[in-house]
Amino acid sequence: MIKRLMNFLDASPVNFLAVKNIAEELEKAGFRRVDPKEPLGTIREGDKLYVTKNDSSVYAFHIGKKPMADAGFRMICAHCDSPTFRIKPNAEMTCEGGIVKLNTEVYGGPIMSTWFDRPLTIAGRVIVRGDDALNPKTLLLHIKRPLLQISNLAIHFNRQVNDGVKLSKQKDMLPILGMVTNEMERGNMLMNVICDELNISQEEILDFDLYLADTTPACTFGVHNELLSSGRLDDLSMCYAGLEALLSATGCETTKVLAIFDNEETGSQTKQGAGSPFLASMLQRICLSQGGTAESFHQAVERAFMVSADNAHAWHPNYSEKYDPTNHPVLGGGPVIKFNASQKYASDAISAAVFAEICREANVPCQRFVNHSDVAGGSTLGNILASSLPLRGVDMGNAILAMHSCRETGSVADHEYCVKAFTRFYS
């Protein structure tokens, strides 16, 4: 199971590739892709279908025996984007000595210092000319070798570096792509790399969405290989746990939904984010295609339950003062229910009780997380999604260290626990 997760993490350096890989797994399991521009047709019990939006979010539906109006639906949602650096248009900057660096901008909230002196690559999508202006073609790009690096300034020029340094997003975080060896490369180095990888000409390229990614593979570590180190555990580990549960859950009484959103790290307010009405629209269309009505859809929503799966903060042995004194989850302690008095999380006593009971039935331990009252916390998908779908739901996740670092740390046991709990929820 952990090997499958690590393979998925390595193959999914950006949201577009994560969605591609999830879609491929869904199709292998008998899910059929539907086009949201076309009528869904009649939906019957046992049907498996999925839809994507913007190539960067994916929604899967396994239709239950009972109509959604009578049984509601059970939904796990997560997000496939992670903090990184986006390559700007006209990105090449040729410097003294022929060194070429790329102009980038920060996506989300990364721990920027963790990106220094690592072998990096480029991944994302390239848009090329199609049959007409409104319908260009999309090509996915993943260069599977070290290609760039963001280099530190030597300590000899910055003696205070170990005392803490404020980093400039525009100055300090620009990666080196290479060195010009002939005049034909000047101003064309990045485009040459893209064209060579995709076997296309520069004239075909209209635009791109390209990001930096760490090339170091995911791995386990610790005396017993009990810990997991990888980029993008937040939140691809939850995406994959939800996918494995959806594909392995038995029984088909209630409709099962897996919703993988994009742009959580930047607020979710996009057509492919949790703030979009797209998922609500698809669920309503499915309900109507079952022979239901608008009233049936609202009944289904009232009977539904959502698990908003986004990782939680594990207790750090070097910084215990940052954590709540009585509610600090530990690595290996099982899935974490997240609470916040200011309603940044969807969990309340009822939804927490539901999820805790699911964990008990799955023979899985369960933990609680509440922020230290003097430390501001983040937010996640649950309440954002509830603005368009007023669902009962719980915010939870696995405990990890170094959230938003270039590489995060989780627990092997926690991933296994989470898949068991999700499978029980779907069954």
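How many bridges join S4 to strand S14, and do they run parallel or antiparallel? There are 4 bridges between S4 and S14 (residues 305–309), and the two strands run parallel. Before going further, keep in mind that this is a predicted model. One pair you can pick out in the viewer is Met 75, whose bridge partner in S14 is Met 306.

S4 also pairs with strand S13 (residues 255–261), again in parallel, this time through 7 bridges. Look for His 79 here, since its bridge partner in S13 is Phe 261. What about the surroundings of S4? Of the 7 residues in this strand (residues 73–79), 6 are buried, so S4 is largely enclosed by the rest of the structure. Buried in this sense means under 20% relative accessible area.

Now follow S13 over to strand S3 (residues 57–62). These two run antiparallel and are joined by 5 bridges, with Ala 60 finding its bridge partner, Leu 258, in S13. Put these pieces together and you are inside an open sheet of 9 strands, with mixed pairing and the order S1-S2-S3-S13-S4-S14-S18-S16-S17. At its edges stand strand S1 (32–33) and strand S17 (367–370); each has a single partner strand, so one side of each is left without a neighbour in the sheet.

S16 (336–339), which is part of that order, also leads to a loop worth a look: Lys 344 lies between this strand and helix H8 (349–361). With a relative accessible area of 34%, Lys 344 is partly exposed. Measure from its C-alpha to that of Ala 386 and you should get 12 Å, although the two residues are 42 apart in sequence.

There's a second sheet to visit. This one is open too, with 3 strands in the order S11-S12-S20 and antiparallel pairing. Strand S11 (219–221) and strand S20 (408–411) are the edge strands, each pairing on one side only. On average, neighbouring strands in this sheet are turned by 35° against each other, direction ignored.

Take S12 (residues 227–230) as your reference here. On the S20 side it is held by 4 antiparallel bridges, and Leu 227 has Ser 411 as its bridge partner in S20. On the S11 side there are 3 bridges, also antiparallel, and Thr 220 stands opposite Leu 228 in S12. The hairpin of S11 and S12 has 5 residues between the strands, and in it Gly 222 takes a positive phi near 100°. As for the side chains of S12, Leu 227 and Ser 229 point one way while Leu 228 and Ser 230 point the other, and all of them are buried.

For a helix, turn to H2 (residues 15–28). Its 14 residues reach 20 Å from the first C-alpha to the last, close to the 20 Å expected at 1.5 Å a residue. An α-helix has 3.6 residues a turn, so residues three or four places apart point the same way. The buried residues of H2 include Asn 15, Leu 17, Val 19, Ile 22 and Leu 26. After H2 comes Gly 30, with a positive phi near 95°.

Last stop, the surface. Which residues make a nonpolar patch of about 250 Å²? They are Ile 99, Ile 176 and Met 179. Ile 99 sits in strand S6 (residues 99–107), and at 31% relative accessibility it counts as partly exposed.

Terms used. Residues numbered from 1 in each chain as written. Predicted model: local features only at pLDDT ≥ 70, side-chain atom pairs only at ≥ 80, totals over all residues. Heavy atoms only, no water. Patch = residues over 30% accessible without salt bridge, like charges linked within 9 Å, V, L, I, M, F, W, Y side chains within 5 Å. Areas by Shrake-Rupley, 256 points an atom, 1.4 Å probe, with all protein chains shown as cover. Salt bridge = Lys/Arg side-chain N within 4 Å of Asp/Glu carboxyl O. Buried < 20%, exposed > 50% of the residue type's maximum accessible area, 1.4 Å probe, protein only. Expected span 1.5 Å × (residues − 1). Pairing = 2+ DSSP bridges. Axes fitted to C-alpha atoms, helices over the stretch in contact; angles between N-to-C directions.
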